[in-house]
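Load the model in your viewer and switch to a cartoon view. Keep the selection panel open.

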Amino acid sequence: MSRVNTVLGPIPAEELGFVAIHEHIGYGMPGSELDSTWWKTPQERYDETVPKLREFRELGGQTFVDATGICNGRDVDYYRSLSAKTGVHIVACTGFVGGDTALPFFATASVEYLAQQFEHEIAVGIGGAGAKAGVIKVGVSRGGRMTDLDKRIYRAAARAALATGAPVLTHLAIDAENAIAIFEEEGLPLDRVLFGHVDDGVNFDKTRDTWIAEQGGRIGFDTFGYETELLDPPFWARPRQDRLDHFLRFIGHTAERGFLDQALASADANCSPLGWPGVKGHTVNYLFHQLLPDLRAAGVDEATIERIFVTNPAEFLTLSV
Ligand SMILES: [Zn+2]
């Protein structure tokens with residue numbers, strides 16, 4: 001039977017339904033729990049998160065992949081209570097957003113140590129909670145080139161993916177030649193990797209999305225909604241139509257050759273940001289309020305929408321061993 005690890009236990013991939021493949025319950029830098037400006041009580045975080053997940057469920061969302069990983073505010077006990085309360089399946093990550101968001105403790109960690117850590121969180125569980133990770137997060141540190149620690153994390157992720165069957169999800173798809181070389185050296189098929197953030201305003205013109213797709217990788221247009229049209233747009237914002245046109249070309253709707261079967265989409269929103277104000281007016285529900293209407297208005301049919309939000313995520317998230 002196909003199986004996906006959620007924080008409340010494994011479920012068949014057929015039960016995932018509509019998936020938001022790259023989101024955050026709450027993301028913050030290490031130490032944000034000590035922040036005195038933006039710190040919130042657990043009750044405040046709960047109160048601003050539950051309505052967003054409830055609305056997601058009411059609009060037809062069924063599975064929320066939390067791409068937060070180790071050191072950035074991940075809290076699986078909390079996720080378990082949110083999932084039980086709202087009926088949304090939550091998939092948690094092991095791994096790191098990037099080498100630059102890992103605590104100094106991990107700075108000299110070996111590939112073997114990191115792989116063991118990731119495997120433990122997938123096969124045994126995270127901390128004492130018993131919740132198992134369903135995805136391995138890796139990423140490129142600020143600067144646009146993989147650091148030595150980034151490379152060790154990618155290599156460890158490949159080994160843990162092969163040992164456990166869990167997929168790998170990347171923060172940024174720049175410097176993809178190095179990433180792909182590591183995955184190939186380790187023997188990890190590239191359809192087990194989702195190369196994320198190909199669409200953000202800072203990196204889209206430096207990201208070789210069609211080349212990565214030609215190599216077999218899956219591609220994440222997962223910063224939908226971070227638009228220059230927002231009242232207070234973040235530095236990674238991009239004009240709404242520009243991102244939409246990019247996506248329509250990639251899936252082959254407005255281009256001769258497309259990669260629909262490798263395309264995934266999400267909003268990378270925070271339900272309740274930790275230690276920073278977050279981006280006002282942006283939630284996971286952008287997918288229902290704006291993106292689906294935009295796709296339909298552009299003539300994208302329901303079968304294609306199901307491919308992007310149901311079938312492709314189910315294939316990707318299914319544990320392959
Ligand atoms: Zn993210």
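The stops below go from a sheet to a metal site, then to a helix and a loop. Bear in mind that this is a predicted model.

**Stop 1: the sheet**

Select strands 3, 4 and 5. These 3 strands form an open sheet in the order 3-4-5, with parallel pairing. Which strands stand at the edges? Strand 3 and strand 5 (89-91) do, each with a single partner strand, so one side of each has no neighbour in the sheet. Neighbouring strands of this sheet are turned by 20° against each other on average, direction ignored.

Now check the pairing. Strand 3 and strand 4 (residues 61-66) run parallel and share 4 bridges. Label F18 and G61 in strand 4: they are bridge partners. Then label E23, which stands opposite D66 in strand 4. Move on to strands 4 and 5, parallel again and joined by 3 bridges. There, F64 has I90 of strand 5 as its bridge partner.

**Stop 2: the crossovers**

Add helix 1 (residues 42-58). Together with strand 3 and strand 4, helix 1 makes a right-handed β-α-β unit. Add helix 2 (residues 76-86) as well. Strand 4, helix 2 and strand 5 make a right-handed β-α-β unit too.

**Stop 3: what lies across the strands**

Colour strand 3 (residues 18-23) by accessibility. Is it buried or exposed? Buried: this holds for 6 of its 6 residues, so the rest of the structure largely encloses the strand. Strand 4 is mostly covered, with 5 of its 6 residues buried.

Show helices 8 and 9 next. Helix 8 (residues 286-297) lies across strand 3 and strand 4, at about 105° to strand 3. Helix 9 (residues 302-317) also lies across strand 3 and strand 4, and runs at about 60° to strand 3.

**Stop 4: the zinc ion**

Centre on the zinc ion. Which residues coordinate it? H22 (NE2), H24 (NE2) and D268 (OD) do, at 2.1 to 2.2 Å. Along the chain, the donors follow the spacing H-x1-H-x243-D. H24 sits in the loop between strand 3 and helix 1, and D268 in the loop between strand 11 (263-265) and helix 8, so the pair ties together parts that are 244 residues apart in sequence.

Check accessibility here. H24 has 4% relative accessibility and counts as buried. D268 has 12% and also counts as buried.

**Stop 5: helix 5**

Jump to helix 5 (residues 176-186). Select its buried residues: A176, A179, I180, I182, F183 and E186. Look down the helix axis: these buried residues fall within an arc of 160°, so they line one face of the helix. An α-helix has 3.6 residues a turn, so residues three or four places apart point the same way.

What covers the buried residues of helix 5? The cover includes helix 4 (148-164), strand 8 (168-171), strand 9 (193-195) and helix 6 (209-215). Step past the end of the helix. G187 follows helix 5, and its phi is positive, near 80°.

**Stop 6: an exposed loop residue**

Finish at L231, in the loop between strand 10 (218-221) and helix 7 (240-250). Is L231 buried or exposed? At 90% relative accessibility, L231 counts as exposed. Draw a distance from its C-alpha atom to that of V279. The two atoms are separated by 9.4 Å, while the residues are 48 apart along the chain.

Note on methods: Residues numbered from 1 in each chain as written. Predicted model: local features only at pLDDT ≥ 70, side-chain atom pairs only at ≥ 80, totals over all residues. Heavy atoms only, no water. Buried < 20%, exposed > 50% of the residue type's maximum accessible area, 1.4 Å probe, protein only. Helix = DSSP H or I, 4+ residues; strand = E, 2+ residues; numbered from the N terminus. Pairing = 2+ DSSP bridges. Right-handed = clockwise from strand over helix to strand, strands pointing away. Axes fitted to C-alpha atoms, helices over the stretch in contact; angles between N-to-C directions. Contact = heavy atoms within 4.5 Å. Arc of directions from axis to C-beta. Donors = N, O, S within 2.8 Å, 3.2 Å for Na, K, Ca; no water.
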